[in-house]
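This briefing sets out the fold, the aromatic rings, the nonpolar core and selected residue contacts of one protein chain. Please read it alongside the sequence and the structure shown here.

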Amino acid sequence: EAEKEVSSSNMKELKIIFTISEVSYPAFKSLLNSLESNLRIIDIDTIEYDPKDESAVLLVKSYYWPQSS
């Protein structure tokens with residue numbers, strides 16, 4: 001289930017999984033900083049970074065108001 005209603009206010013939650021390969025630790029930190037400073041509300045739920053493989057998996061949540069009909 002990728003999206004669900006967050007509260008009775010009709011706000012929706014969208015879960016996004018990023019799988020990133022060949023990313024150095026400084027570049028990964030830069031990506032996290034960009035997500036943190038993004039204007040859209042984004043919650044980072046899970047971070048997995050493997051320095052040996054230089055790979056990462058992020059589970060993030062974003063929120064939005066659906067268009068009214």
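Read from the N terminus onward, the protein chain follows the pattern β-β-α-β-β, and its secondary structure accordingly comes to one helix and four strands. The model is predicted, and the points below are grouped by topic.

**Overall character of the chain**

- Of the 69 residues of the protein chain, 17% count as buried.
- Among the contacts in the protein chain with a separation of 6 or more, 52% are accounted for by residues 24 or more positions apart.
- The protein chain exposes about 5400 Å², and carbon and sulfur atoms supply 49% of that area.

**Aromatic rings**

- A search of the whole structure finds two aromatic pairs, and one of them, formed by Phe28 and Tyr49, is stacked, with 5.0 Å centre to centre and 20 degrees between the planes.
- This pair ties together parts that are 21 residues apart in sequence, because Phe28 lies in helix 1 (residues 25-37) and Tyr49 in strand 3 (residues 42-50).
- Phe28 is buried, with a relative accessible area of 2%, whereas Tyr49 is partly exposed, with a relative accessible area of 23%.
- Ring pairs also bring in Tyr25, so that Tyr25, Phe28 and Tyr49 are linked into a cluster.

**Nonpolar core**

- The largest nonpolar core has eight residues, namely Ile20, Val23, Phe28, Leu32, Leu35, Ala56, Leu58 and Val60.
- Helix 1 and strand 4 (55-64) each supply at least two residues of this core.
- Phe28 thus has a place both in this core and in the aromatic cluster with Tyr25 and Tyr49.
- In soluble globular proteins, nonpolar side chains tend to be buried together.
- Leu58, itself a member of the core, touches Ile16, Ile17, Phe18, Ile20, Phe28, Leu31, Leu32, Leu35, Ile44, Thr46 and Ile47, when residues up to four places away in sequence are not counted.

**A buried lysine in strand 4**

- Lys61 has its place in strand 4, and with a relative accessible area of 18% it counts as buried, because the limit for that class is under 20%.
- Leaving aside residues up to four places away in sequence, Lys61 touches Glu13, Leu14, Lys15, Ile41, Ile42, Asp43 and Asp45.

Note on methods
Residues numbered from 1 in each chain as written. Predicted model: local features only at pLDDT ≥ 70, side-chain atom pairs only at ≥ 80, totals over all residues. Heavy atoms only, no water. Phe/Tyr/Trp six-rings, centres within 6.5 Å; stacked < 30°, edge-to-face > 60°. Buried < 20%, exposed > 50% of the residue type's maximum accessible area, 1.4 Å probe, protein only. Core = buried A, V, L, I, M, F, W, Y, C linked by side-chain atoms within 4.5 Å. Contact = heavy atoms within 4.5 Å. Areas by Shrake-Rupley, 256 points an atom, 1.4 Å probe, with all protein chains shown as cover.
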